[in-house]
Amino acid sequence: MTDHYELTMLQATLASGHADRRCVFEAFARRLPEGRRYGVVAGTGRFLEALADFTFGPEEIDFLRETAVVNDQTLEWLANYRFTGDIWGYAEGECYFPGSPLLIVESTFAEGVILETLALSILNFDSAVAAAASRMTATAGDRPCIEMGSRRTHEEAALAAARAAYIAGFGSTSNLEAGRRHAIPTKGTAAHSFTLLHDSERESFASQLDSLGLNTTLLVDTYDVTNAVELAVELAGPELGGVRLDSGDLVSQAHEVRAQLDGLGATDTRIVVTSDLDEFAIAALQAAPVDAYGVGTRVVTGSGAPAAGLVYKLVAREDANGQLEGVAKKSQDKASVGGRKHALRRRNVTGVAHEERIGIDIAPVDDGDDRDLLVQLVRGGEVLVPTDAQSAREHHARSRAELPTKGLRLSHGEPAIRTVYEDEASRSEVEED
């Protein structure tokens, strides 16, 4: 959870006397992944829970000493490390845009600098998954999405992905540990191996129905879909819960299977489709009689954007007079905006967002319809907000509902709303005009 250069910077600032200088660090995205119109903050709850356990115990100290990563003065400091600063940020589940100050860490340089990898490793992955998942659930509308990507990523990443997808509107996950740890509903029935195990498809269906009940979902594309659907209704009757399609032309197959089920009297039997779905495949399937989508690889890999592109930069430091002054990178293509940020979301009279207003060292002026975006997450090292997935899920639903219609389009385009910076100078110009 720590990169080598964080500790070498710590050692050098302890030696120079700058380690205790008050600072402000900020996590933000310079841009959204190509074609995306909004991002989704996810992982904040996991970060806050990890922060409480972010310490350097005897084993870590021994490793650093044996490998001579840092000197004894730094090891002594690390052995006593606990974060005691303040953290502000966007609520988990919030939609964000380029320049949005998603996490603001106010602390000494030493305490804040060693949080970079902890914060970014969690927020970058979770936010990437949540952004992809949000596009999928927005496209799916009232049809539920099931997260099924555990076999396509690292085992701990699978848990984070299930949580992030749930925050962004997925209704359930196949991952049981995600259900246990994060209280996410779990779903699943059978794979092709279950059918292949039995001497016949009839035997496998009968076995599943006998054990799991008529409301189970039968996988009907192991051999021949038409024959399997006929057999499924023969065995279960019109009370059959569902059938799953996992291959072929899903749009045409869904139409054919729906007609076949209806003709057999199974009018309430659900059709679930899987097979490398993403938001574009879901959009194509919206015209088909599909009841639910199972999504795996594409959601846990961010649907083409596996990292959210967040960075963690120093934006303010204490000057010689004890006052905070803004600092910023001027590097080409990697510039940052200095100063402690404040953020509002401008909304029109109908509640639709139209601008991200970010104040630099000042609070932006609220024109009456705005919503504050920054929430204090940590005070004096103590977490102040809920860290559960359900709270974040509810917040995301409210935040996404504020976006203009163009924000939910899948076609490539600019961010759904623009980001505007405001400081004392720009405010004075507006007042003079």
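Here are a few notes on strand pairing and helix packing in this predicted model.

1. A good place to start is the open sheet of 6 strands, which pair in parallel in the order E7-E6-E11-E10-E9-E8. Strands E7 (172-173) and E8 (217-219) form its edges; each has a single partner strand, so one side of each lacks a neighbour in the sheet.

2. Within that order, you may like to look at E9 and E10. Strand E9 (residues 242-245) runs parallel to strand E10 (residues 270-273), and the pair shares 4 bridges. To find the register, take Arg 244, which sits opposite Val 272 in E10.

3. Helix H12 (residues 250-263) lies across E9 and E10, and its direction makes an angle of about 155° with E9.

4. H12 also packs with another helix. Its axis and that of helix H11 (residues 225-236) come within 10 Å, crossing at roughly 30°, and the crossing is right-handed. H11 brings Val 225, Thr 226, Val 229, Glu 230 and Val 233 to the contact, while H12 brings Gln 253, Val 257, Gln 260 and Leu 261. Sorted by class, these are 5 nonpolar, 3 polar and 1 charged residues.

5. Strand E3 (residues 86-90) is worth a separate look for its antiparallel pairings. With strand E5 (residues 103-108), E3 is joined antiparallel by 4 bridges, and Ile 87 faces Val 105 in E5. With strand E17 (residues 374-379), E3 again runs antiparallel, over 4 bridges; here Gly 89 is opposite Val 375 in E17.

Note on methods
Residues numbered from 1 in each chain as written. Predicted model: local features only at pLDDT ≥ 70, side-chain atom pairs only at ≥ 80, totals over all residues. Heavy atoms only, no water. Pairing = 2+ DSSP bridges. Helix = DSSP H or I, 4+ residues; strand = E, 2+ residues; numbered from the N terminus. Contact = heavy atoms within 4.5 Å. Axes fitted to C-alpha atoms, helices over the stretch in contact; angles between N-to-C directions. Left-handed = near helix turned anticlockwise from the far one by under 90°. Nonpolar A, V, L, I, M, F, W, Y, C, P; charged D, E, K, R; others polar.
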